[in-house]
Amino acid sequence: MQLQSKIDSPRLEIRNLRKRYGHRHVVDDVSLSVRPGNVTCLLGPSGCGKSTTLRMIAGVDMQDSGEIYVDGQLICDTVFRIPPERRQIGLMFQDFALFPHMSVADNVAFGLKNAREEKRDRVEELLAKVNLGWAIDKYPHVLSGGEQQRVALARALAPRPRIMLMDEPFSGLDNRLRDGIRDETLAVLKEEDTAVLLVTHEPEEAMRMADEIALMRDGRIVQQGAPYNIYNAPVDKQAVAFFSDVNVIHSQSNGALTDTPFGQFLTPGWEDGAPVDIVIRPQHFKLDFDRDGRGPLPTESDGVAARGVVMRSRFMGNESLVEFVMDHDGSELKVTVPNVFLPKPGTALWLTVRRDRCFVFPAEN
Ligand code: ADP
Ligand code: MG
């Protein structure tokens, strides 16, 4: 029983953290927790308060209110404060400057206090994990950006931190390297059973790395959950739009239904006349040819088809993006189709939506 509760307790927990600069609430009542061996991504646009949150957990900034716990023990509130160097927290930032005058081995050993022999063992162990055993006696300037990054990871992990805080750690690397280094980093972090809080503004990075995503906006966490849930059950229009292009159809609820050119959507319990936004991702349309003006073949489940005229189509690599002007109201819609589909501008096509994949929200003003 006791063992079970230990396994279940979060490694890092922050409760109701707040920070103000001047009159601005930069971090506004943020709570979250991270388990050992898990990666939680704090994901949100630039300026939403991610780094400030991380700095408070690291102990380099002081919160106005709220508490931080590690393994169930209070490490910081507004009265009590364990200094940063005693929090057993590892840090990794975008500009992870290695010490240029020290060898790779000395860089990695920098935070270690144990005896020389033990130090060497730990350094060798970590460099093997990041596939840099061969570089142990080299100096940072002879290593590539990606290799330096892996040294920085080894250095941060050497003292076996209970928690790793990573602030956009991969954004300085070029695209081709990034995916590989993300995957390697993730594997090492899992092996070391560290609890990781990773800050990023890139949805793809969060989807790739996170066990959990905490979506942040204007200092607040607006949604938290597994990547699948965040993507497929977003809380509002902005949460959809953060991950992909969106199409929005405005309408009104009437008799628990909302009429659109693509058929009716269920809006049970909504007041008559309540404004509704139907939010549709570009990949959730189906396209049909015009069959000489006779419309598409009828299908039961797809609702109603609406006719649109192609404005432009572009090949994007894995998919093609086709932009339409709709016959019924002149509105524009973005549709993506897997692989290559590049109809000429002026082509008329019929669009249906996968209604079960659309999101229905109260309209925002
Ligand atoms: P993010 O990491 O999400 O991009 P930050 O946490 O760095 O955002 O910053 C959030 C907001 O707080 C920004 O508008 C930033 O300008 C402001 N801010 C951050 N640090 C300070 C500071 N020391 N003094 C005043 N404003 C700050
Ligand atoms: Mg930041």
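Q: How many bridges join strand β15 to strand β19?
A: In this predicted model, strand β19 covers residues 348-353 and runs antiparallel to β15. One place where the two strands face each other is at F285, which stands opposite V353 in β19. The number of bridges that join β15 to β19 is four.

Q: Which are the edge strands of the open sheet that contains β15 and β19?
A: This open sheet has five strands with antiparallel pairing, and their order is β15-β19-β16-β17-β18. An edge strand here pairs on one side only, and this description fits β15 (residues 285-288) and β18 (residues 332-338).

Q: By how many degrees are neighbouring strands of this five-stranded sheet turned against each other on average?
A: The strands of this sheet pair in the antiparallel sense, and the average turn between neighbours is taken with direction ignored. Read in that way, neighbouring strands are turned against each other by an average of 45°.

Q: Where in the protein is the confidence lowest, and where is it highest?
A: For the protein the mean pLDDT is 91, and 95% of its residues reach 70 or more. Where pLDDT is low, the predicted coordinates should not be read in detail. The lowest mean, 53, belongs to helix α1 (residues 2-8), whereas the highest, 98, belongs to strand β17 (residues 319-326).

Q: What is the order of the strands in the open sheet of four strands?
A: The strands of this sheet pair in the antiparallel sense, and its edge strands, each of which pairs on one side only, are β2 (residues 24-34) and β5 (residues 73-76). From one strand to the next the twist averages 30°. Written out across the sheet, the order is β2-β1-β4-β5.

Q: Which residue in β5 stands opposite I68?
A: Strand β4 takes in residues 65-70 and pairs with β5 in the antiparallel sense, over three bridges. In β5, the residue that stands opposite I68 is C76.

Q: Which strands of the sheet does helix α2 touch?
A: Helix α2, made up of residues 50-58, packs on the sheet, and its direction makes about 120° with that of β1 (residues 12-21). The strands it touches are β1, β2 and β4.

Q: Which residue in the turn of the hairpin formed by β1 and β2 has a positive phi?
A: Strands β1 and β2 pair in the antiparallel sense over eight bridges, and along them E13 stands opposite S33 in β2. Two residues lie between the strands of this hairpin, and the one in the turn with a positive phi, of about 60°, is G22.

Q: Is Q63 buried or exposed?
A: The place of Q63 is in the loop between α2 and β4, and, not counting residues up to four places away in sequence, Q63 touches L17, R18, K19, M56, I68, C76, D77 and T78. A polar atom of the Q63 side chain also lies 3.0 Å from the backbone oxygen of G66. Because a residue under 20% relative accessible area is classed as buried, and the relative accessibility of Q63 is 4%, Q63 counts as buried.

Q: What distance separates the C-alpha atoms of P169 and Q149?
A: P169 is found in the loop between β7 (residues 163-167) and α6 (residues 175-191), and at 1% relative accessibility P169 counts as buried. Leaving aside neighbours within four places in sequence, P169 is in contact with M92, F93, Q94, Q149, L198 and V199. Although P169 and Q149 are 20 residues apart along the chain, the separation of their C-alpha atoms is 8.4 Å.

Q: How far is an oxygen atom of ligand 1 from an N or O atom in the side chain of S51?
A: The residues that surround ligand 1 include Y21, R24, P45, G49, K50, S51 and R55. A polar side-chain atom of K50 lies 2.9 Å from an oxygen atom of the ligand, while a polar side-chain atom of R55 lies 3.5 Å from a nitrogen atom of ligand 1. For the side chain of S51, the distance to an oxygen atom of ligand 1 is 2.8 Å.

Q: What percentage of the residues in the protein is buried?
A: The protein has nine helices and 20 strands, and along its principal axes the C-alpha trace spans about 80 × 45 × 45 Å. Among contacts between residues at least 6 apart in sequence, 63% join residues at least 24 apart. Of the 365 residues in the protein, the buried part makes up 47%.

Technical notes:
Residues are numbered from 1 along each chain as its sequence is written. Chains are lettered from A and ligands numbered from 1 in the order in which they are written. Side-chain values use heavy atoms; hydrogens and water are left out. Buried means under 20% relative accessible area, exposed over 50%, partly exposed in between (1.4 Å probe, protein chains only). Contact means heavy atoms within 4.5 Å. Two strands pair if DSSP finds at least two bridges between them. Axes are lines fitted to C-alpha atoms, for helices over the stretch in contact, and angles run from 0 to 180 degrees between N-to-C directions. pLDDT is the predictor's confidence in each residue, from 0 to 100. A residue is near a molecule or strand if one of its heavy atoms lies within 4 Å of it. A polar contact is a pair of N or O atoms within 3.5 Å; within protein, one must be able to donate a hydrogen and the other to accept it, and residues adjacent in sequence count only if both atoms are side-chain atoms.
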